[in-house]
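Reader: Got a minute for a new model? Let's go through the chain together.

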Amino acid sequence: MKFFQKRSLKRALLALAGVGVLGFGAAACSHHRGHDFSDSDRAEMRERLLSRASSKLDLDAAQRQRLDALLAQLSAQRQALVGPAGSPRQQLQALMTGPTFDQTAARQLVDSKTELLRQQSPELIAALAAFYDGLRPEQQAQLRELMNQRRGWRG
């Protein structure tokens, strides 16, 4: 009986430690969730990404301008997808307000987001192509290598 009690005590302590680690991890990351970035915050993040990419890939002024246009297009598409209705989480929660899941509204939401992507994807693809095609072959290889690494832009 003592063996069983010791084993279950060890399991309980291990489970408690695991829950504690998960709780602290969630608390550490929680300051990013639900943060509503202002336009100046977004501009600052975009400028930081632009400067890091420029330094890592050794971009000239024309290449930097094409990257800035690509980032602007990505930002515009993201803003259009989020839309005036609020965050995607709020949109999903709105579908679950009644006793059943509102399948019709969910289909309409998916259809509207899909149509928006379909409409805006040609401009985004053109901006990406203009940036990538404007890179020298060694810069293209370096970009591919950075994309293969997980978090290549953060270092």
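**Surface, fold and core**

Author: The accessible surface of the protein chain is about 11,900 Å², and carbon and sulfur atoms hold 60% of that. Keep in mind that this is a predicted model.

Reader: What share of the 155 residues is buried?

Author: Buried residues make up 17% of the protein chain.

Reader: And the secondary structure? How many helices and strands?

Author: Six helices and zero strands. From the N terminus on, the order reads α-α-α-α-α-α.

Reader: What share of the contacts with a separation of 6 or more comes from residues 24 or more positions apart?

Author: That share is 61% in the protein chain.

Reader: Now the core. How many residues are in the largest nonpolar one?

Author: It has 13 residues. Those with the most contacts inside it are Leu57, Leu59, Leu67, Leu70, Phe131, Leu135 and Leu143.

Reader: Which helices supply at least two residues each?

Author: Helix H2 (39–57), helix H3 (61–82), helix H5 (103–133) and helix H6 (137–148).

Reader: Take Leu70. What does it touch, leaving out residues up to four places away in sequence?

Author: Leu70 touches Leu124, Ala127, Leu128 and Phe131.

Reader: Switching to Ala130. Where does it lie?

Author: Ala130 lies in helix H5.

Reader: Why is Ala130 classed as partly exposed?

Author: Its relative accessible area is 35%. Partly exposed covers values between the 20% and 50% cut-offs, so Ala130 falls in that class.

Reader: What separates its C-alpha atom from that of Gln63?

Author: The C-alpha atoms of Ala130 and Gln63 are separated by 8.9 Å, with the two 67 residues apart along the chain.

Conventions: Residues numbered from 1 in each chain as written. Predicted model: local features only at pLDDT ≥ 70, side-chain atom pairs only at ≥ 80, totals over all residues. Heavy atoms only, no water. Core = buried A, V, L, I, M, F, W, Y, C linked by side-chain atoms within 4.5 Å. Buried < 20%, exposed > 50% of the residue type's maximum accessible area, 1.4 Å probe, protein only. Helix = DSSP H or I, 4+ residues; strand = E, 2+ residues; numbered from the N terminus. Contact = heavy atoms within 4.5 Å. Areas by Shrake-Rupley, 256 points an atom, 1.4 Å probe, with all protein chains shown as cover.
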